Amino acid sequence: MIEFKEVIKEYPNGFRAVDGLTLTARHGEICVLIGPSGCGKTTALRMVNRLIDVTRGEILIDGQPNDEFEPEVLRRQIGYAIQQIGLLPHMTIRDNVAIVPRLLDWDESRIRQRVDLLLDMVGIDPSIHGDKYPRQLSGGQQQRVGVARALGADPPIMLMDEPFGAVDPITRAILQEEFLQIQQEVGKTILFVTHDIDEAIYMGDRIALLRAGRLVQYDSPDDLLAMPRDDFAREFVGADRSLKRLHLISVKDSMMQSVPCCEHDATLEEARACLERHHSESAFVVDADGILLGWVEKAALEASQSLSAAMQRAPAASIAVPEDATAREALSVLLSHSFDVTPVIDADGVLTGGVSIQRLQDLVEVPGIHAAGRDGRP
Ligand SMILES: Nc1ncnc2c1ncn2[C@@H]1O[C@H](COP(=O)(O)OP(=O)(O)OP(=O)(O)O)[C@@H](O)[C@H]1O
Ligand SMILES: [Mg+2]
């Protein structure tokens, strides 16, 4: 656990880079520090491992003030991935990852094992890349090595300063996902700095929004998006915050179990009754095992001799979303078809429910949207 208590960093010129920061990162959670350039994110991070001294206030590590540790001892116990990767160019990849274990005097065979395990973990094959130098690796590979190095001596706490900042968006997304998988296994307490709101929402258990050294809001991603505290927070999270929230919700958690649906060998009367029951203009059609085959529309039912003549067949993957998709993906499918409901299928293609626009609206109902409604705006 990391606790900031009324922490101030004031430079000799009187400038306060961090101004009264109180914040707790709980055990095993990723706490994201976010805010505009110069708002004090890096300063806050570097005060934790005492690369920068606190002017006033204190920082506790698992309840113990961090100024009770020797700075060197602290730095060996806290993993640190810095803003510009910072691999040492004259050292091989293995030696870079081994820096902290060597400082801790581990024996060489243990170091070798640990380093190769970590490189494997971050997707760098040690037998191919281990003896190369940083410049012989791509930016994305170097960032991976930077993360491996921060994990070097298995520290309980990690400070990560824009650890994926130096790569293109696609590589960054891959690194984010991989890192979250690693975090599921290792469960570190992490302070993670970024200035990218999407990264913060994706990576953070909680997000601390900073402005000019002060904490504006500290909340879960969903609460930050739903209830930004002031105009600055609202502007920072973006006008598309409802869409961003849909990104956080899984289809499984947002779907309705009951959707208009009939078996492909149903009679026309049965199909019509199904539409009426659901007050719907269309119904999904499934086989005897419940596998989604396509859909049928009311007008087609009136004009046809049988359900199979009236129905439109389509590969399930082209009209449905899997249960593990996000609500935002369900919306995207909804917008590209004329259905009222996006069908949801399980891994076998069985129809398990659906997501309607009304349902999505209910999910993202936020105070801001209500306020706009009351003002008479759409
Ligand atoms: N030695 C110093 N003396 C005075 N001001 C300083 C000093 N070092 C840093 N600052 C100021 O402290 C503020 C916070 O810097 P910091 O590096 O923490 O910002 P940041 O939020 O990490 O920004 P970025 O997103 O650009 O990395 C900046 O305005 C910077 O100019
Ligand atoms: Mg910084």
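These legends go with close-up views of the pockets, a cavity and a helix pair in a predicted model.

**View 1. Two domains in one chain.**
The domain assignment splits the protein chain into domain 1, covering 2–238, and domain 2, covering 252–361. Take the C-alpha centre of each domain, and the two sit 45 Å apart. Keep both domains in mind for the next view, as each of them gives residues to the lining of the largest pocket.

**View 2. The largest pocket, lying between the domains.**
Here's the largest pocket, with a volume of about 650 Å³. Its lining draws on both domain 1 (2–238) and domain 2 (252–361), so the pocket lies between them. There are 25 lining residues, and the ones nearest the centre are Leu 180, Ile 201, Tyr 202, Met 203 and Leu 248. Three helices each put at least two residues into this lining: H8 (169–186), H9 (197–203) and H12 (241–248). H8 has the largest share, with seven residues. Chemically it's a mixed bunch: nine nonpolar, ten polar and six charged residues.

**View 3. The second largest pocket, with Arg 75 and Tyr 80 among the residues nearest its centre.**
This pocket comes in at about 430 Å³. Count 16 residues around it; besides Arg 75 and Tyr 80, those nearest the centre are Ile 99, Val 100 and Leu 103. The elements that each chip in at least two lining residues are helix H2 (71–77), strand E6 (78–81), helix H4 (99–103) and helix H7 (139–150). Sort the lining by class and you get nine nonpolar, three polar and four charged residues.

**View 4. Helices H7 and H8, packed together.**
Two packed helices are described by the angle between their axes and the distance between the axes. For H7 and H8, the angle is about 25° and the axes are 10 Å apart. An angle under 35 degrees counts as roughly parallel, so that is the label for H7 and H8. Their crossing is right-handed. You've met both helices already: H7 helps line the second largest pocket, while H8 helps line the largest one.

**View 5. The largest cavity, lined in part by H7 and H8.**
The model has two cavities of 30 Å³ or more, and this view shows the largest, at about 60 Å³. Around it are Val 122, Arg 144, Val 147, Phe 164, Leu 175, Glu 178, Phe 179 and Ile 182. H7 and H8 each supply at least two of the lining residues, and H8 gives the most, with four. By class, the lining has six nonpolar residues, no polar ones and two charged ones. The charged pair is Arg 144 and Glu 178.

Terms used
Residues numbered from 1 in each chain as written. Chains lettered and ligands numbered in written order. Predicted model: local features only at pLDDT ≥ 70, side-chain atom pairs only at ≥ 80, totals over all residues. Heavy atoms only, no water. 1 Å grid on protein atoms, 1.4 Å probe; cavity = no way out; pocket = protein on both sides within 12 Å on 5 of 7 lines; lining within 4 Å. Points joined across faces, edges and corners; volume = space filled by probe spheres on them. Domains from an automatic or database assignment. Axes fitted to C-alpha atoms, helices over the stretch in contact; angles between N-to-C directions. Parallel < 35°, antiparallel > 145°, perpendicular 65-115°, else oblique. Left-handed = near helix turned anticlockwise from the far one by under 90°.
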